[in-house]
Amino acid sequence: MALRLGDTAPNFTAKTSLGEIDFYEYLGNGWGILFSHPADYTPVCTTELGKTALLQEEFAKRNVKVLAVSVDSLGKHEGWIKDINETQHTTVNFPIIADEDRNVATLYDMIHPNASATTTVRSLFVIGPDKTVKLIITYPASTGRNFIEVLRVVDSLQLTANYSVATPADWKQGEDVIVALSVSAEDAIKKFPKGVEVVKPYLRYTPQPDLI
Ligand code: BEZ
């Protein structure tokens, strides 16, 4: 059955471009992003992996480990990584799974047979430190994902995990956030000393709590 938000992310071991990996061990106590690519030596995938490599520092700052999946072989990955580094002016330093037996693709329902019987769609899972699935996005092969949006969602998820807040439409770092409905009016004042703006009893804003 397909994975849903809140489900436990299945563990697996896999051959990757950086050696054999146990997924849970790789993630440790931090956050993770597992994302699939239809095939090696394809143009959109090349730009996506390049962009992810360029954003490595941003992922590391957020304690997020990334792990890519492609159903091609390790041999193919090696040559392709050289092409990605050359054409995208970066160094891919995260692992890419060689999922030739489709084990990971099947566990995470990354093959959508009516889109392609053999290759994965562009699935992306954000996994929390508790190993549950926090975000699922699925794009078709022809559309490259927006990795700035992926970072934005991670920021939102981490704020929600650490404070009793949610983020409004189009929220960006530094903008006000929404006080969770579970917080009473009385508690809101105590929990958010920077102030609470009550627009409606159910719509309350507070400055982003993790900024000084
Ligand atoms: C691509 O990465 O460019 C791609 C891969 C599979 C199908 C279509 C596009």
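Which residues does Phe59 touch, not counting residues up to four places away in sequence? In this predicted model, the list is Ile33, Thr52, Val64, Val66, Val150 and Leu151.

I start there because Phe59 belongs to the largest nonpolar core, and a nonpolar core is made of buried residues joined through side-chain atoms. That core has 26 residues. Those that touch the most other members are Ile33, Phe35, Leu49, Phe59, Phe94, Leu124 and Val126. Several elements supply at least two residues each: strand 3 (31–37), helix 2 (43–54), strand 4 (64–70), helix 4 (74–88), strand 6 (122–127) and helix 6 (147–162). Helix 6 gives the most, with 6 residues. There is also a second core, separate from this one, with 20 residues. Leu3, Ile21, Tyr108 and Ile111 are among them. As background, nonpolar side chains in soluble globular proteins tend to be buried together.

Now the charged residues. How many salt bridges does a search of the whole structure find? The count is 11. I will go through three of them.

The first pair on my list is Glu48 with Arg145, where the closest N and O atoms are 2.7 Å apart. This pair links distant parts of the chain, with the two positions 97 residues apart in numbering. Glu48 sits in helix 2, while Arg145 lies in the loop between strand 7 (133–139) and helix 6. Are these two residues buried or exposed? Glu48 has a relative accessibility of 2%, so Glu48 counts as buried. Arg145 has a relative accessible area of 7%, and so Arg145 is buried as well. The cut-off for buried is under 20%.

Next, Arg62 and Glu58. Their side chains meet in a salt bridge, at 2.8 Å from N to O. Arg62 is buried, because its relative accessible area is 15%, under the 20% cut-off. Glu58 has 24%, so Glu58 is partly exposed. Both residues also appear in a network of salt bridges, which links Glu58, Lys61, Arg62 and Asp155.

The last pair is Glu175 with Lys172, with the closest N and O atoms 3.6 Å apart. Where Arg62 is buried, Glu175 is partly exposed, at 32% relative accessible area. Lys172 is partly exposed too, at 48%; the exposed class begins over 50%.

In general, side chains of opposite charge can pair when their charged atoms come close.

To recap: a core of 26 residues, a separate one of 20, and 11 salt bridges, one of which joins helix 2 to the loop before helix 6.

Conventions:
Residues numbered from 1 in each chain as written. Predicted model: local features only at pLDDT ≥ 70, side-chain atom pairs only at ≥ 80, totals over all residues. Heavy atoms only, no water. Core = buried A, V, L, I, M, F, W, Y, C linked by side-chain atoms within 4.5 Å. Buried < 20%, exposed > 50% of the residue type's maximum accessible area, 1.4 Å probe, protein only. Helix = DSSP H or I, 4+ residues; strand = E, 2+ residues; numbered from the N terminus. Contact = heavy atoms within 4.5 Å. Salt bridge = Lys/Arg side-chain N within 4 Å of Asp/Glu carboxyl O.
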